[in-house]
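Trainee: I have this model open beside its sequence, and I would like to go through it slowly with you. Could we begin with the whole chain and then take a close look at a single part?

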Amino acid sequence: MTTTAVRTTATTTAADAPPLDTSPLESSSALLERELTARHAASGPTPGLPAPRVVPLGAADTLGFGHPDPHAATRPTATVQLTSRAVLIGPWGGAADAADTADHADPTACGQCLAMRWQRLRSRSEREALELGYAPHGATAWPVLTDFAVDAVWAAYRATLSGPRPTPPGTTAADRALPQVTRVDLGTLATATFPLLPEPLCPVCVQERPDTAEAARMALGPTPKPDPDGYRLRSLDSYPLPTAALANPVCGALGSDTWINPASTTTAPVAGTHFVRGYAGLNDVTWSGQANSYGTSRTLAYLEGLERYAGTHRRRGTAPVIESLHTLRADGVPALNPADCGFYAPETYANDHLVSPFDPDRKIPWVWGHSLREDQPILVPARLAHYSAGVEADNFVFECSNGCATGGSLEEAILFGLLELIERDAFLLAWYGRAHLAEIDLGSCRAPAIRTMLDRAALHGYDVHAYDTRMDLAVPVVTALAVRRDGGYGTLSFSAAAGFDPEGTVEAALSEVLTYIPHLPYQVAERRDELQEMAQDFTKVLHLKDHAQLYGLPSMTEHAREYLEPTGVHSLTDTYRDWETRRPRTGDLMDDLRLLRDELTSAGYDVIAVDQTTPEQHRMGLHTVSTTVPGLLPLDFGWTRQRALLMPRLRTALRAAGRRPDDLTDDAIKVVPHPFP
């Protein structure tokens with residue numbers, strides 16, 4: 001056996017050495033381009049093989065937040081991008097097989113698309129450095145480019161960029177139809193190929209156009225359902241999800257990977273995560289699926305990830321309308337007044353440096369939505385429609401994903417978005433209004449899944465209860481509460497659901513609460529001192545997780561007394577007998593949506609939908625919307641940012657629902673953080 005010494009090709013003469021102020025990544029990129037170009041010339045004419053064009057990746061911001069990218073002009077057409085530890089070749093392929101997964105144009109992507117998706121997967125520290133304008137620093141001889149490494153890159157380059165190209169390795173037709181990126185690891189020479197979804201915010205591939213009222217108009221109409229009692233138009237596995245493109249370590253649209261939790265004994269959870277830059281910096285956005293099999297959970301996780309991807313920022317290639325509310329109203333343009341959706345208390349604006357009062361004379365970004373009540377377009381503040389978007393001028397509120405939903409049609413997405421708004425509104429009305437609720441006898445439910453979930457909860461030492469939480473709207477709303485029998489950490493866990501099918505709604509609420517109870521005791525024990533401080537000073541309740549984990553403390557049980565002392569226990573049939581005579585049982589989902597719309601408009605509310613659907617979702621047959629019903633109680637997290645406490649509906653809805661004879665007075669409101677997870 002013979003061995004060959006590894007020699008670096010990084011040695012250069014004084015004549016071809018880069019300037020002293022050139023970064024190592026820049027120097028290595030120039031060196032790699034020279035070496036690949038030499039091999040390209042030595043190989044002779046090769047049909048379809050372009051001349052190598054190498055740019056560095058990871059030393060400059062490609063998302064447009066920090067300093068301008070010095071390679072912005074050449075990056076879109078670059079065939080190779082060099083990172084500190086790997087070489088990325090492509091995008092290549094992607095158009096030939098697209099017809100079997102979409103009913104519109106073939107997918108295309110450029111080097112800028114790849115760079116943007118790659119950067120979004122970097123760690124928090126890397127992204128902050130790149131996007132806040134810090135200069136990169138590192139060793140003086142990285143990345144190391146050996147002859148072996150360059151030969152490996154050249155072999156991959158020639159194999160993927162000359163014809164005939166290899167068959168992409170993706171496991172689904174949707175993945176194989178996409179452009180591909182091949183990664184060569186410079187440490188191990190391991191080679192892997194990943195599909196790349198075109199980037200809808202790419203400034204090269206997408207020419208931004210104005211958002212218009214006409215484009216936002218929704219022609220809602222008949223939507224056939226699989227059966228009268230079904231509310232999803234298609235099965236989960238019928239959507240052509242490019243799963244490898246959604247989660248991979250090079251250019252995953254939703255994150256670098258998914259993970260399972262085999263320790264969970266109540267569900268088979270699958271989750272993923274990625275960072276999204278919003279008005280308060282980088283936010284860790286987690287998406288997950290909770291079902292009884294990992295396969296189903298993974299599909300649900302991807303769908304939730306796509307929903308959040310669409311909801312955080314506008315990704316439709318449209319520019320917002322920039323104007324003040326007063327000017328729009330003066331010009332006769334229909335526009336939603338954000339005051340109708342609630343503001344924070346004056347002291348919050350005085351003390352919280354991240355928010356400031358709304359000024360109707362200040363120009364802010366707006367997006368076009370559609371009013372189902374008026375059947376016409378309406379402008380919605382961008383901050384209320386996309387919950388990570390925003391500028392300094394419109395920092396009057398922090399919005400969340402409340403009311404965002406995905407479906408196989410606009411009608412389906414709007415239906416489920418409105419159900420979510422009704423669910424959270426009813427939960428907050430019951431909590432802050434100290435409503436005494438009737439309990440549902442879970443023994444009267446026929447679904448085997450409900451019995452199974454109760455048994456699983458019992459194995460963890462929990463009793464699970466369900467309550468009819470309907471207020472002045474007829475659609476079923478169920479609150480589930482898991483109570484730890486021994487009163488230890490993780491004492492209470494809440495969840496809620498709303499839906500047309502009462503038993504399905506109970507099942508959904510129970511499924512949600514079961515996802516929390518295996519971990520809640522440990523989370524509370526780990527944060528015990530911090531949570532106990534919150535229990536003494538509610539202003540320290542700042543984040544989403546604080547609300548749910550606070551009620552894992554045994555001492556917080558006193559604030560949930562209304563749930564532990566129900567007005568009675570009734571069978572599921574008796575509880576929703578009146579609803580069963582009202583709910584449509586036709587084969588048209590539009591009838592269900594129409595009933596929901598009429599329930600809300602007859603109570604005096606507008607119903608607004610903003611289409612958030614991204615190009616990626618459109619190819620998959622998915623639609624995502626943000627629904628808004630101005631006046632319903634909005635769900636907020638952080639005790640000093642609770643709009644619901646100041647809204648008129650909190651004081652009137654319980655009377656309208658027949659739950660009390662008069663309006664709720666300020667001193668009767670439960671001024672305690674809600675436990676919604």
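Trainee: How far apart are the mean positions of the positive and negative charges of the chain? After that, please take me closely through Gly407 of strand E14 and what it touches.

Mentor: The mean positions of the 59 positive and the 82 negative charges are 2 Å apart, where Lys and Arg count as positive, Asp and Glu as negative, and His and the chain ends are left out, each charge being placed at NZ of Lys, CZ of Arg, CG of Asp or CD of Glu. Bear in mind that this is a predicted model, in which local features need pLDDT of at least 70 and side-chain atom pairs count only at pLDDT 80 or more, while totals for chains, interfaces and linings use all residues. Residues are numbered from 1 along each chain as its sequence is written, and side-chain values use heavy atoms, with hydrogens and water left out.

As a setting for your residue, the chain contains 23 helices and 21 strands, which are DSSP runs numbered from the N terminus (H or I over at least four residues for a helix, E over at least two for a strand). Its radius of gyration, taken over C-alpha atoms, is 28 Å, close to the 26 Å that the globule rule (2.2 Å times the number of residues to the power 0.38) gives for 677 residues, so the chain is as compact as a globular protein of that length. The C-alpha trace spans about 90 × 65 × 50 Å along its principal axes. Of the 677 residues, 55% count as buried, meaning under 20% relative accessible area, with exposed being over 50% and partly exposed in between (1.4 Å probe, protein chains only). When contacts (heavy atoms within 4.5 Å) are taken between residues at least 6 apart in sequence, 72% of them join residues at least 24 apart.

Now to the part you asked about. Gly407 belongs to strand E14, which runs over residues 404–407, and with a relative accessible area of 3% Gly407 is buried. Leaving aside residues up to four places away in sequence, Gly407 touches Arg232, Tyr239, Glu412, Ala413, Gly621, Leu622 and His623. Gly305 lies 102 residues from Gly407 along the chain, and their C-alpha atoms are separated by 13 Å.

Gly403 leads up to this strand, since its place is the loop between helix H11 (382–385) and E14. Gly403 counts as buried at 0% relative accessibility, and, again setting aside residues up to four places away, it touches Gly417, Glu420, Leu421, Val625, Ser626 and Thr627. The C-alpha atoms of Gly403 and Ala535, 132 residues apart along the chain, are separated by 29 Å.

Other places make a useful comparison. Ala466, in strand E16 (residues 462–468), is likewise buried, at 0% relative accessibility, and touches Ala438, Glu439, Ile440, Leu442, Val478, Thr479 and Ala480 once residues up to four places away are excluded. Thr479 is 13 residues from Ala466 along the chain, with 5.6 Å between their C-alpha atoms.

Two loop residues are worth inspecting for their backbone. Asp375, in the loop between strand E12 (364–371) and strand E13 (376–381), has a positive phi of about 55 degrees although it is not a glycine, and at 52% relative accessibility it counts as exposed. Leu189, in the loop between strand E4 (180–185) and strand E5 (191–195), also has a positive phi, near 65 degrees, but Leu189 is partly exposed, with a relative accessible area of 31%.

Finally, consider helix H1 (residues 24–42), whose 19 residues reach 27 Å from first C-alpha to last, close to the 27 Å expected at 1.5 Å a residue (the expected span being 1.5 Å times one less than the number of residues). The buried residues of H1 include Leu25, Leu31, Leu32, Leu36 and Arg39, and among the elements covering its buried residues are strand E1 (54–56), strand E3 (86–92) and helix H4 (147–161). Strand E3 also holds Pro91, which is joined to Gly90 by a cis peptide bond with omega of about 5 degrees. Just after H1, Gly44 takes a positive phi of about 80 degrees.
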